[in-house]
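User: Please walk me through this model and show how each label is earned. I would like to see the value set beside its cut-off every time.

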Amino acid sequence: MRLRALEVYGLVTLQGPPQSGRRKFGIAPGGAFDRESAALANVLMGNGEDAVVIELGLGTLVMDAPDGGALAVVGAECRVEVDGKERAAQSAMHLRAGAYVEVGIRAIGARVYVAVPGGFLSAGLGAGERISTRSILASAEERTPVECRLAEGPGSLDTRVIRVLPGPRLDRVPNLRLEGEWRVRPQSDRVGVRLDGESQPHGTELPSEPMCVGAVQATPKGGLLVLGPDGPTIGGYPHVATVIDADLDKVAQLRPRDQVRLKRVTLEEAQQARRAARSKRDQILAQLALRAGE
């Protein structure tokens, strides 16, 4: 199966699993920002959770499928049209030979994922590379999974509250109102999501130290910066909090001007939330795997 990119608006990339062991060289792990949505799209296609997918961030992608085939679209609320007819998102669908497909993000969420059977191979494009007009993308396998739809959207789309652990430098910014309301700034991307709130500027300067995906830094002007999968491996802003693993996918779905509340939790609560989220996700993925194999 082949997909040809005809029109590309916004940041559209190929994303596979995060790459470990490279942070010591200053290389970010990368990978799908919303891991849950990418995994759901892959399982709808009968793939492993980490097969290479298209990540579409706040934009529109128009493609055609010269040979036909199948694809799955999961993530942010979006418009999916095949040959000019609207199709349900959060689902797997078949394509006729020569079909035109348009995917465009609407009002809820910031990223949507497109998966194909076996994941994407590519002509000169590796995972993390940007897709542009005239890119040709090929699936790794030639098969046609069953059409089916998720019973409900990904949990990552509920971005009203994001839980955090206190960071090692929280005491260096005493006037910070961490648990207040924050608004997402337009200057947000896979490197980091910027938040504005009521906190005052600070003059704290620190030597650069290691950072991780989900680290929350207090910027000198009083805002927050939540590091994404393409974020820096070190940073000098005070590390005041860390998004818990169970809520990290929600950060990927924050869009400009969204309101979000940060909630401080304990390490034990973060671990319980992680176990609960993984258990629920594993159950959903197992059910989908059975349906995709029908």
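User: What makes Cys-148 count as buried?

Analyst: Its relative accessibility is 9%. Buried means under 20% relative accessible area, exposed over 50%, and partly exposed in between, with a 1.4 Å probe and protein chains only. Cys-148 at 9% is under 20%, so it is buried. Cys-78 gets the label too, because its relative accessible area is 7%.

User: Good. What should I keep in mind about the model itself?

Analyst: It is predicted, so local features need pLDDT of at least 70 and side-chain atom pairs count only at pLDDT 80 or more, while totals for chains, interfaces and linings use all residues. Residues are numbered from 1 along each chain as its sequence is written, and side-chain values use heavy atoms, with hydrogens and water left out.

User: Back to the cysteines: how many disulfides are there, and how do you know?

Analyst: The count is zero. Cys-78 is in no disulfide, since the nearest cysteine sulfur, that of Cys-148, is 16 Å away. Seen from the other end, Cys-148 is in no disulfide either, and the nearest cysteine sulfur is that of Cys-78, 16 Å away. A disulfide is a pair of cysteine sulfur atoms within 2.5 Å, so 16 Å does not meet the rule.

User: Why is strand β19 called mostly covered?

Analyst: β19 spans residues 239–243, and five of its five residues are buried. As for the names, strands (E, at least two residues) and helices (H or I, at least four) are DSSP runs, numbered from the N terminus.

User: How do you know which strands pair with β19?

Analyst: Two strands pair if DSSP finds at least two bridges between them. Strand β12 (residues 161–166) runs antiparallel to β19 and is joined to it by three bridges, so the two pair. Strand β16 (residues 215–218) also has three bridges to β19, again in the antiparallel sense, so that pairing holds too. Two contacts to look up on screen: Val-164 has Val-243 as its bridge partner in β19, and Ala-215 stands opposite Thr-242 in β19.

User: What makes an empty space a cavity here, and how many are there?

Analyst: On a 1 Å grid over the protein atoms alone, a cavity is a set of points where a 1.4 Å probe fits but cannot get out. Lining residues have an atom within 4 Å of a point. Grid points are joined across faces, edges and corners, and a volume is the space filled by probe spheres set on the points. Two cavities of 30 Å³ or more turn up. The largest holds about 50 Å³, and the second largest about 40 Å³.

User: Why is the lining of the largest cavity called nonpolar?

Analyst: Ala, Val, Leu, Ile, Met, Phe, Trp, Tyr, Cys and Pro count as nonpolar, Asp, Glu, Lys and Arg as charged, and the others, Gly among them, as polar. Nine lining residues are nonpolar, with no polar and no charged ones. Val-164 and Val-243, the bridge partners from before, are among them, as are Ile-162 and Leu-195. In the second largest cavity the lining has three nonpolar, seven polar and no charged residues, including Asn-175, Gln-200 and His-202.

User: And what makes a space a pocket instead?

Analyst: A pocket is an open set with protein on both sides within 12 Å along at least five of seven lines. The largest pocket has about 1,200 Å³ of space and is lined by 50 residues, with Arg-35, Glu-36, Asp-245, Asp-249 and Arg-281 nearest its centre. Helix α3 (267–292) gives the largest share of that lining, 11 residues. By class the lining divides into 24 nonpolar, 10 polar and 16 charged. The second largest pocket has a volume of about 200 Å³, and its largest share of lining residues, four, comes from strand β2 (residues 53–65).

User: Last one: how do Gln-90 and Arg-257 stand, buried or exposed?

Analyst: Gln-90 has a relative accessibility of 12%, so it counts as buried, while Arg-257 at 56% counts as exposed. Gln-90, in the loop between β5 and β6, has a positive phi of about 55 degrees although it is not a glycine. Arg-257, in the loop between α2 and β20, has a positive phi of about 80 degrees and is not a glycine either.
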